[in-house]
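Visitor: I am new to reading protein structures, and I would like to learn how the words people use are justified. Could you take me through this one?

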Amino acid sequence: MTETMDQIYSSWAHRLRQNQGIRSLMEDLGQVTGHPDEILLGGGNPAHIPEAEAIFRDIFLSLAKEPSLTSLLGDYQAPIGNDHFRELAAESLSPYLGANLKKENIAFLNGSQNAYSFLLNLHSGPMADGSFQKILLPIVPEYIGYADQTITNDVFIATPPNVVPTGKHRFRYELNKEAFDLDGVGVLAISRPTNPTGNILSLSDLEWMEERTRKQNIPFLIDLAYGNPFPNLIGNEAPIHYEKGRTLSLSFSKIGLPGVRLGIVVSDEETIETLSSFAAVGNLAVGNLGLYMMEILFQKKVLPELSKHILRPFYESKRDLALGVFTTTFEKMGVDYEIHDPMGGFFLWVRFPSLSITNHELYHLCKDKRLFIVSGHYFFPGLNSDFSHTKDCIRLTYCRKEEELARGAQILAEIVASHQAKSK
Ligand SMILES: Cc1ncc(COP(=O)(O)O)c(C=O)c1O
């Protein structure tokens, strides 16, 4: 940055300009040229599933008729949504979130990314009582999109997780209870399932942490973008319920509607009220399309069935397919690899312990061959200690076609095999 830029840009702007994480990932998604050689294993776009798209198309077409259209296009919502949408969401979500929700517990935002940009700033940085509070990510790697959302610098803290071998070439990250420390912490955040690893934190670990956070009145943000109640990609793990002290975030993106930009926050009345102030200032209003689509989806009770009969079977079979494709190719090419147990979501988190280049360099070598992956180093905000996984892991989506996964696996394996410190 030049001196003039220092003059006209805030330190937050400066930090955002340096951030190559979420921006590089989303730009990769947006710069897809459609070239037949392109292999898109990078961003978190959901798959195009014809049965799901048919449902969404019918709803969209019904909304394109009068009288809905006039209001959909021509009227603002209240900042976090009009009351009748909030009432409907409270009523529809209550049985799935094990709570008796009221409209005062519901806020709609323009995607859960938008919700987090408010929630993280709401609970961290310089506080009204004069203290300074940090955001604890109790397990890293954690979602790339949280980093840099805060106006204040250096608010994330994290400790390395326990790495537990679970089988040949397999491992799992577990909560590091010994290092768990709430000193100076204003809020905790997890995604469940975790993006990027597909980990699903157990309810007992969650309760263990909440025994401690509740004593100090520290809120817990739980990001359910891939979780229950929809798309419900949680394998055999138990669903999360709403309880006081938790702020849950749901999204329409991973059911197949990322272009609609609808995020739903479930929290206590005070937090929802505060979000309304943030939303009024930052957005004026939540967009209409997602809410109108939600009204039909909730009234017809479509989402539980869609999740159970279409989304889950689709992603689970894709996961098994991808595991088969990648492990066979890695074995064949002599690649030293470990894969995190993919318990949910739609990513594989792969470690190359013998890699002689960094994961970021690997990303560039893959991109030169039109293979898009995500370098793992972005997923450790707040971690200041040395942890080899920050340098030798990558994230891959398995939402793509078998043929594309196979070509991607081959290119990746060739590059890794030629950059291993020691061959197996
Ligand atoms: C864990 C997680 N949270 C939140 C988001 C943001 O999603 P959206 O803003 O589309 O709801 C994503 C997107 O990839 C995600 O993976």
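Guide: Gladly! One definition to begin with: two strands pair if DSSP finds at least two bridges between them. Keep in mind too that this is a predicted model. Now look at R351, which stands opposite C393 in β16.

Visitor: What makes β13 and β16 a pair?

Guide: Strand β13 (residues 347-351) and β16 are joined by 5 bridges, and the definition asks for at least two, so the two strands pair. The sense is antiparallel. Besides R351 and C393, you can find W349, whose bridge partner in β16 is R395.

Visitor: How do you know that β15 pairs with β16?

Guide: There are 2 bridges between strand β15 (residues 374-375) and β16. At least two are needed, so β15 and β16 count as paired. These strands run antiparallel. In β16, R395 is the bridge partner of V374, and I394 is the bridge partner of S375.

Visitor: Why is β16 called mostly covered?

Guide: A residue is buried when its relative accessible area is under 20%. In strand β16 (residues 393-397), 5 of its 5 residues are buried, so the description "mostly covered" fits. Both faces take part: C393, R395 and T397 are buried on one side, and I394 and L396 are buried on the other. As background, side chains in a regular strand alternate between the two faces of the sheet.

Visitor: What can you say about the covering of β13?

Guide: β13 is also described as mostly covered, with 5 of its 5 residues buried. F347, W349 and R351 point one way, L348 and V350 point the other way, and all are buried.

Visitor: Which strand pairs with β13 over 2 bridges?

Guide: That is strand β12 (residues 338-340), which pairs with β13 in the antiparallel sense. Here I339 stands opposite V350 in β13. The hairpin of β12 and β13 has 6 residues between the strands, and G345 in this hairpin takes a positive phi near 75°.

Visitor: What makes β6 and β15 the edges of the sheet?

Guide: Start with the order, which is β6-β7-β12-β13-β16-β15. These 6 strands form an open sheet with mixed pairing. β6 (162-167) and β15 each have a single partner strand, so one side of each is left without a neighbour in the sheet.

Visitor: How do you know that the buried residues of α3 are on the same side?

Guide: First find them: in helix α3 (residues 21-30), the buried residues are G21, I22, S24, L25 and D28. They cover an arc of only 170° around the axis, which puts them on the same side of α3. A general rule helps here: an α-helix has 3.6 residues a turn, so residues three or four places apart point the same way. The buried residues of α3 pack against α12 (359-368), β14 (371-372), β15 and β16.

Visitor: Why is S94 called buried and E91 exposed?

Guide: Both can be found in helix α6, with E91 and S94 as your landmarks. S94 has a relative accessibility of 10%, and the cut-off for buried is under 20%, so S94 counts as buried. E91 has a relative accessible area of 60%, and exposed means over 50%, so E91 is exposed. Leaving aside neighbours within four places in sequence, S94 is in contact with A99, N100 and L101.

Visitor: What makes β8 a covered strand?

Guide: In strand β8 (residues 185-191), 7 of its 7 residues are buried. β8 pairs in the parallel sense with strand β4 (residues 132-137) over 3 bridges, and with strand β9 (residues 220-223) over 4 bridges. K134 has V185 as its bridge partner in β8, while A189 stands opposite L221 in β9.

Visitor: How do helices α7 and α9 cross?

Guide: The axes of helix α7 (residues 112-122) and helix α9 (residues 269-283) come within 10 Å and cross at roughly 115°. Residues in this contact include F118 and L122 of α7 and L275 and F278 of α9. The residues of the contact divide into 6 nonpolar, 6 polar and no charged.

Key:
Residues numbered from 1 in each chain as written. Predicted model: local features only at pLDDT ≥ 70, side-chain atom pairs only at ≥ 80, totals over all residues. Heavy atoms only, no water. Buried < 20%, exposed > 50% of the residue type's maximum accessible area, 1.4 Å probe, protein only. Arc of directions from axis to C-beta. Contact = heavy atoms within 4.5 Å. Axes fitted to C-alpha atoms, helices over the stretch in contact; angles between N-to-C directions. Nonpolar A, V, L, I, M, F, W, Y, C, P; charged D, E, K, R; others polar.
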